[in-house]
Amino acid sequence: RDVYCDKCGSGLYQTNMFRFKQPVKWGRRNFMFLNWVEDELFIRDIARATLEVFSGVSFEPVLNKSGQQILEGVSQMKISSILERGLIEELSPIRETSHCEHCGNTKYVTTGIGSLAYPSSSFASSPDIVKSAELFGSGALAFRLIFVRQSVYQAIVANKLDRDLVFEPLKLIDA
């Protein structure tokens, strides 16, 4: 387990179920994340039913503010698998790389233009849904990217669950 670094924000890990102050007002969305926890997704029941068949993800209830009741209609997607390090920096649109002098972790900030590059072999035995080993973010924000296989993407789109989601393709390099 990583140790939390208050300089770069890396190393945080979840110890208890999330608590929400009030029930989620979904509107037409099916997925959401909290502004301060960018690598944890919360989903509606309809999205959960679609994703339950894929590997690499489990689901956990969300509690009310007091922690006494489970909120209906929302689950946390628990993505426990982390991909091996493999980001090919020289082929990826990296705007900034920072190395924390306090903990030694490296974080990346992308340009937002172009695709991140990884060796295709990195995904050969990975589950359908997985998080990056690399950390992204700036300042005290550190998060892992969530990668999904094409089959997961297609299931989400086919079931019209993709409103407000952003998918960016990866550039897979054969080594």
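# Exercises on a predicted protein model

Read along the sequence, the pattern of the protein chain is β-β-β-α-β-β-β-β-β-β-β-β-α-β. The radius of gyration, taken over C-alpha atoms, is 17 Å, close to the 16 Å that the globule rule gives for 175 residues, so the chain is as compact as a globular protein of that length. The globule rule is 2.2 Å times the number of residues to the power 0.38.

This is a predicted model: local features need pLDDT of at least 70, side-chain atom pairs count only at pLDDT 80 or more, and totals for chains, interfaces and linings use all residues. Residues are numbered from 1 along each chain as its sequence is written, and side-chain values use heavy atoms, with hydrogens and water left out.

## Exercise 1: the whole chain

Task: State how many helices and strands the protein chain has, then describe its extent, burial, contacts, surface and charges.

Solution.

- Step 1. Take the elements. There are 2 helices and 12 strands. Helices (H or I, at least four residues) and strands (E, at least two) are DSSP runs, numbered from the N terminus.
- Step 2. Take the extent. The C-alpha trace spans about 45 × 40 × 25 Å along its principal axes.
- Step 3. Take burial. Of the 175 residues, 41% are buried. Buried means under 20% relative accessible area, exposed over 50%, and partly exposed in between (1.4 Å probe, protein chains only).
- Step 4. Take contacts, meaning heavy atoms within 4.5 Å. Among contacts with a separation of 6 or more, 57% join residues 24 or more positions apart.
- Step 5. Take the surface. The accessible surface is about 10600 Å², and carbon and sulfur atoms hold 48% of it. Such areas come from the Shrake-Rupley method with a 1.4 Å probe; for residues, only the protein chains shown count as cover.
- Step 6. Take the charges. There are 20 positive and 20 negative side chains, with the centres of the two sets 8 Å apart. Lys and Arg count as positive, Asp and Glu as negative; His and the chain ends are not counted. A charge is placed at NZ of Lys, CZ of Arg, CG of Asp or CD of Glu.

## Exercise 2: an open sheet

Task: Which strands stand at the edges of the open sheet of β6, β7 and β10?

Solution.

- Step 1. Write the order. The 3 strands run β6-β7-β10, with mixed pairing.
- Step 2. Count partners. β6 (94-99) and β10 (135-136) each have a single partner strand, so they stand at the edges, with one side of each left without a neighbour in the sheet. Two strands pair if DSSP finds at least two bridges between them.
- Step 3. Check one pair. β6 and β7 (residues 106-110) are antiparallel and share 5 bridges. H99 has T106 of β7 as its bridge partner, and S98 has K107.
- Step 4. Find the turn. β6 and β7 form a hairpin with 6 residues between them, where G104 has a positive phi of about 90°.

## Exercise 3: the partners of β5

Task: Which strands pair with β5, and over how many bridges?

Solution.

- Step 1. Start with β3 (residues 37-43). This strand pairs antiparallel with β5 (residues 70-78) over 3 bridges. I43 stands opposite S75 in β5.
- Step 2. Go on to β4 (residues 58-64). β4 and β5 are antiparallel over 5 bridges. P61 has S75 in β5 as its bridge partner.
- Step 3. Look at the hairpin of β4 and β5. There are 5 residues between the strands, and G67 takes a positive phi near 80°.

## Exercise 4: residues outside the strands

Task: Describe the backbone of K160 and D164, then classify both residues, S122 and Y4 as buried, partly exposed or exposed.

Solution.

- Step 1. Recall the rule. Most residues other than glycine have a negative phi.
- Step 2. Test K160. Its phi is positive, about 55°, although K160 is not a glycine. K160 sits in the loop between α2 (150-158) and β12 (171-173). At 70% relative accessibility, K160 is exposed.
- Step 3. Test D164. Its phi is also positive, about 70°, and D164 is not a glycine. D164 is in the loop between α2 and β12. With a relative accessible area of 58%, D164 is exposed.
- Step 4. Classify S122, in the loop between β8 (117-119) and β9 (129-131). At 14% relative accessibility, S122 is buried. Leaving out residues up to four places away in sequence, S122 touches L83 and G86.
- Step 5. Classify Y4, in the segment before β1 (19-20). Its relative accessible area is 42%, so Y4 is partly exposed. The C-alpha atoms of Y4 and C103 are 8.7 Å apart, with their positions 99 residues apart along the chain.
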